[in-house]
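Please look through the structure below with its aromatic side chains and its bound ligand in mind.

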Amino acid sequence: MPPLPPLNYDSPQALRAFLDGRGLGMRKRFGQNFLINPDARRQLLDALDVPPGERVWEIGSGLGAMTSPLLERGAAVTAFEIDRGFIPALGEFFGGNPAFTLVEGDVLKTWRTAPPGDYLFGNLPYTIGAGLLADFIDNNRFFKRMVVTVQKEVARRMAAKPCSKDYSSFSVLCASAYTVTPLRVLKGASFYPEPRVDSQGVRLDLRTDRDPGGYPLFFKPLLRCLFASRRKTVKNNLESFAASLAGAAVNRGELSGICAAALKDAGIASGERAERLGVDDFAALAGALEPALGQAGCSAGGGAHEGC
Ligand code: SAM
């Protein structure tokens, strides 16, 4: 086993001294808050429960507080890190370990060409947390299990159920692919430097009952459109959505008929609102819409969001 990094990840003083010794600073814009709470680190890794030899993507490795125990637990780690100042330290600490791969740069740009990974771990920078997770699901990039820490409000949105105030298109997107389990709340004092907001761990287990055929064509754009004006009825939002796809190609009367028929097929009352619908309702509606809109020459591409 390679030597452990010569760094006490529990100690703000040790981290500060290490950074100072290398002339490095902490950058707020990269959401840099090191997790200095050893119990929290252990609990998050226990929640990930990655079997030895499995491949893990670690987002935002920082100075390696989570990379080190992931490797110790026998995982093969692909570490994503944007801060050029941290890259040499990660190389020094873990570069001699054949189970370690470093991907430099912005993960939003680099993940598409990175080595494979079946599990994901990340104490995610606040700046990109929700956007990154949505990007993965939008692009059908799924993991067997993910454990992430995000801002507490984002965690609430991820785990929210229909009819609750935190329920959003992001909640449905997460629920469409994963069983979402909130983990412990982490107060600012668990991090260095101490952020002003609370964080929360979230575990996401890939649903085994997902449709093997993938998402209905209009599922994701429809979802965003129906929540964009959440006070409006599903029927009104659906008609705007269909019109934005169809443009001038189909007249309003015809579109209204298509939407009414799709709502009926999906078993959704026309006066219903998006915040009361579950993931299966959205899937049923997108599925019901597909043949009729497809026949009318609409695709799920460009313009899908503008009309909403
Ligand atoms: N993993 C360390 C820990 O738990 O102590 C650091 C976590 S810190 C909250 C977030 C890390 O993500 C920082 O190291 C930061 O430089 C990195 N980061 C921020 N934005 C990034 C991006 N777009 N792509 C890759 N890494 C990023």
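The paragraphs that follow take up the aromatic rings, then a charged side chain, and then the ligand.

The model is predicted, and a search of the whole of it finds 14 aromatic pairs. One of these is formed by Phe-18 and Phe-93, whose rings are tilted, with 5.7 Å from centre to centre and 50° between the planes; the angle counts as tilted because planes under 30 degrees apart would be stacked and those over 60 would be edge-to-face. Phe-18 belongs to helix α1 (residues 12–21) and Phe-93 to helix α4 (residues 87–94), so the pair ties together parts that are 75 residues apart in sequence. Both Phe-18 and Phe-93 are buried.

Elsewhere in the sequence, Trp-57, Phe-80, Trp-111, Phe-136 and Phe-143 form one aromatic cluster. Arg-141 lies over the face of Trp-57, at 4.5 Å from the ring centre, and Arg-141 also lies over the face of Phe-143, where the distance to the ring centre is 4.2 Å.

Which residues come closest to the ligand? The ligand is surrounded by 23 residues, and the closest are Gln-32, Gly-60, Glu-81, Asp-106 and Asn-123. Backbone atoms take part in polar contacts with the ligand: a polar backbone atom of Gly-60 is 2.7 Å from a nitrogen atom of the ligand, while a backbone N or O atom of Ser-61 lies 3.4 Å from a ligand nitrogen atom. For Leu-35, a backbone N or O atom lies 2.9 Å from an oxygen atom of the ligand. Of the 590 Å² of accessible area that the ligand has on its own, the protein covers 98%.

Methods. Residues numbered from 1 in each chain as written. Predicted model: local features only at pLDDT ≥ 70, side-chain atom pairs only at ≥ 80, totals over all residues. Heavy atoms only, no water. Phe/Tyr/Trp six-rings, centres within 6.5 Å; stacked < 30°, edge-to-face > 60°. Helix = DSSP H or I, 4+ residues; strand = E, 2+ residues; numbered from the N terminus. Buried < 20%, exposed > 50% of the residue type's maximum accessible area, 1.4 Å probe, protein only. Lys NZ or Arg CZ within 6 Å of the ring centre and 35° of its normal. Near = heavy atom within 4 Å. Polar contact = N/O pair within 3.5 Å; in protein donor to acceptor, adjacent residues only side chain to side chain. Areas by Shrake-Rupley, 256 points an atom, 1.4 Å probe, with all protein chains shown as cover.
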